[in-house]
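Dear colleague,

I am handing over the structure we spoke about, placed just below, and after it I set out what was found. Please read the notes with the coordinates open beside them.

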Amino acid sequence: MKQNTSQNTRLRTEIDAREYLIESGKMARQAHGDIWIQSGDTVVLVTAVTQALTRDIDFLPLVVDYQEMSYASGRIPGSYFRREIGRPSERETLVSRLIDRPIRPLFPTGFFQEIQVIATVLSADPDYDPDVLAITGASAALHISKIPFQGPIAGARVGYVDERFILNPTQAELKRSVINIIMAGSKEAVVMVEGETRFASEELLAEALSFGHKHMQPLIELQYELRGLSGKPKIEVKEPEQDTELIAAVRDVAATPLEKALQVQDKIERKDAKSRVKEDVLDTLSERFPEEQERLKKVPALFKDLESEIVRGMIQENQTRIDGRDLTTVRELNMEVGLLPRVHGSALFTRGETKALGVATLGSARDEQRMETLSGEQNKRFMLHYNFPPYCVGEAKMLRGPARREIGHGVLAERSLTPVLPSAEDFPFTIRIVSEVMESNGSSSMATVCAGSLALMDAGVPITAPVAGIAMGLIKEKDEYFILTDILGDEDHLGDMDFKVAGTKDGITGIQMDIKISGIPPDILGKALVQARTARLGILEQMEEVLSGPRRDLSTYAPQYRSIEVSTDKIKDVIGPGGKHIKAITQETGASIDIDDNGIISVFAPDSKALENATEMILFYDQKAEVGKDYDGKVKNVKDFGAFVEILPGLEGLVHISQMDIGRVEDISKVVNVGDEMKVKVIEIDERTGKIRLSRKAVLLEEKGETFDLENSGRPSGNRDRRPNPRNRR
């Protein structure tokens, strides 16, 4: 269905009984491409703008920003300034990457104008996630603009509920779904995959990718139609002229020594060998073309092209890679656990020249990360933070906060480990893993998964199964596809795919795919998944030899935990006026205490002694009076007929005047005053009202060696002469 006005063009389509609307020219008409995309009540505005740069560059200056506005869900931001703060949230960063990754390979070679894509969530429907709409909207905005974009593509989320695939499932459906993957695809192939599964098989995931690719096609067709109605003429990009003479000169000088340098096994040595070859080439060609120094600026790019040609040729012709491996072999593995003495759990995982140190830390519920989202505040009890310091690749750079890449890699590893974690009910700790990448030569994110899994087990976290990850690569030459297991950094840079797969022996838990070509057929992805499973099972087997399962006990330096149940009417006493009591407990013991309204108190203490002390102090406020038991009390109030004595925190009983002393008391004020301390015995608790009768007389008699008759509320028995009770006279 289409609708045209003088200003805008609107198209609709329906997929699985859900309507999708794309409209151009409605909002930001000064942008080079603007799209209003809507499904349900979720609306995303996506704009695309390009502008020429005043400096010469040899890369694509593409910037993608996704932003979620609080007003979209009828909320006011919780920040101090009550506005969306400048730094994007983790969620916004991740979705920005989801948009960027599939569109970046689809710009023509030689187009170096600045491009900015901005996706803004204007209205948020909880059942219709804006992330996949933003991917499709970005493609549509670029497709109708003057920007040379080799799309269109579409985004989709695929779920699997009750043995049925669902396109763009609701939040309720996702909670029951075995699969939750976001993918992007063109008319011909899949171009990006990201997501998690609950131990889905490789075959099921391959079916999911085929399902998603097939069912996103109406959105791609809609973009073709939209461009036909409102598209702008594209900027012409001239194919860069080939300097055939210079290409031949670079090949003549560099081919043989570069091929030899590429066969050096060690990454740093190989890098140095390539640098020496490049320097020799530049020196030689400077002598050959002494008057054309400007022309020689093309040499580094031509050198890289030759390197790619040699590496890809080795794989195609000999099924051999630059480190001598065949296409399916995983590099040598080395693992160590428990190497950091004071942390809660640690593991060092090495695969070839990639090494990740995983450190697990346990905390209380108060250590959970609190996040503000479009659907409200959320708590996160498992966090994985990935650090990629410059020394891990032999570089010197300024240390800054985590970039988008680091955030994305950390979330991928976090997503891969989440399905095996125990529930909060079974293991109420907050869990944090930090991955410090020590060396990197291919897939440090998957090394992080392996190191994180071992660190969790070393910390005693009862995970259901260990998780391992592997990165797969791809070389496409004409119609031939060569799938590579455990890719090197050079193979990532020079290849056509980076496909990361993590999981247990039972199935996949995390997945991410990026490509540099126009797309990959789903059947090739299926083969890559099967090849990845073989590698993953081999890694898991070696991990099990190092640590077969979670340690039985937590580290002595980890928090000690206990769950205490108190009466709900005693919660206020435990807390105390203005939090006085709970603050005193935490200050004295160092414990972290979380109190639920149902009377369950979670205590996290730094050691076992502190745990016992905190437990005792909490239960002090939840004690119940027992008939026949003595208590040290404090007089709170005095009446003519007796005194009210507090025997437990917030719990008082009455010492009747007849129970105040062994002898008869005529004037109670001569015996006791407010604030006096006295020892009393509980002689009766009214089951209906809960009122407590106390006796000081009983304690005094017992101190004299005489007994006290509880059944008769205080008639003494023994050998001493007793005065008659005047109340018994007739």
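Please keep in mind throughout that this is a predicted model. I begin with the helix pairs, then turn to single residues, and end with the backbone.

**Helix pairs**

The helices α9 (residues 404-417) and α10 (residues 444-458) pack with their axes 9 Å apart and at an angle of about 45 degrees, and the two are therefore oblique to each other. The crossing in which α9 passes α10 is right-handed. On the α9 side the contact is made by R405, H409, L412, A413, S416 and L417, and on the α10 side by S444, S445, M446, T448, V449, G452, S453 and L456. Sorted by class, this contact of α9 with α10 comprises 6 nonpolar, 7 polar and 1 charged residues.

The other pair I looked at is α7 (residues 267-288) with α8 (residues 299-318), whose axes come within 11 Å and cross at roughly 130 degrees, an angle that makes α7 oblique to α8. Their crossing is right-handed. Here K274, V277, K278, V281, L282 and L285 of α7 meet V299, F303 and E307 of α8, and by class the contact has 6 nonpolar, no polar and 3 charged residues.

**Residues with contacts across the sequence**

R97 belongs to helix α1 (residues 90-103), and because its relative accessibility is 14%, below the 20% limit, this arginine counts as buried. Once neighbours within four places in sequence are left aside, R97 is in contact with P102, R404, R405, G408, H409 and Q512; of these, R405 and H409 also take part in the contact of α9 with α10. The C-alpha atoms of R97 and V63 are separated by 10.0 Å, with their positions 34 residues apart along the chain.

T197, in strand β11 (residues 190-200), counts as buried at 2% relative accessibility. Its side chain is involved in two polar contacts: the side chain reaches the backbone nitrogen of A200 at 3.1 Å, while a polar atom of the T197 side chain lies 2.2 Å from the backbone oxygen of I508. I would ask you to look at that 2.2 Å value in the model yourself. Not counting residues up to four places away in sequence, T197 touches V178, I179, L205, P419, I508 and T509.

Q38, by contrast, is partly exposed, with a relative accessible area of 22%, and is found in strand β4 (residues 33-39). The side chain of Q38 reaches the backbone oxygen of G40 at 3.1 Å. The C-alpha atoms of Q38 and Y20, which are 18 residues apart along the chain, are separated by 5.8 Å, and Y20 is also among the contacts of Q38 beyond four places in sequence, which are E19, Y20, L21, V43 and L133.

**Helix α16 and its ends**

In helix α16 (residues 696-703) the buried residues are K697, A698, V699, L700 and L701. At the start of the helix, a side-chain oxygen of S695 reaches to within 3.3 Å of the backbone nitrogen of K697, and just after the helix G705 takes a positive phi of about 90 degrees. Within α16, V699 counts as buried at 4% relative accessibility and, leaving aside neighbours within four places in sequence, is in contact with D630, K679, V680 and K681. The C-alpha atoms of V699 and D661, 38 residues apart along the chain, are separated by 9.3 Å.

**Backbone geometry**

Most residues other than glycine have a negative phi, and most peptide bonds are trans. Against that background, three places deserve a look. The peptide bond from G151 to P152 is cis, with omega near 5 degrees, and P152 is found in the loop between α2 (130-144) and β8 (154-161). D162, in the loop between β8 and β9 (164-167), has a positive phi near 50 degrees and is exposed, with a relative accessible area of 64%. S443, in the loop between β18 (430-439) and α10, likewise has a positive phi, of about 55 degrees, although it is not a glycine; S443, however, is buried, with a relative accessible area of 11%.

With best regards

Technical notes
Residues are numbered from 1 along each chain as its sequence is written. This is a predicted model: local features need pLDDT of at least 70, side-chain atom pairs count only at pLDDT 80 or more; totals for chains, interfaces and linings use all residues. Side-chain values use heavy atoms; hydrogens and water are left out. Buried means under 20% relative accessible area, exposed over 50%, partly exposed in between (1.4 Å probe, protein chains only). Helices (H or I, at least four residues) and strands (E, at least two) are DSSP runs, numbered from the N terminus. A polar contact is a pair of N or O atoms within 3.5 Å; within protein, one must be able to donate a hydrogen and the other to accept it, and residues adjacent in sequence count only if both atoms are side-chain atoms. Axes are lines fitted to C-alpha atoms, for helices over the stretch in contact, and angles run from 0 to 180 degrees between N-to-C directions. Angles under 35 degrees count as roughly parallel, over 145 as roughly antiparallel, 65 to 115 as roughly perpendicular and the rest as oblique. A crossing is left-handed if the near helix is turned anticlockwise from the far one by less than a right angle, and right-handed if clockwise. Contact means heavy atoms within 4.5 Å. Ala, Val, Leu, Ile, Met, Phe, Trp, Tyr, Cys and Pro count as nonpolar, Asp, Glu, Lys and Arg as charged, and the others, Gly among them, as polar.
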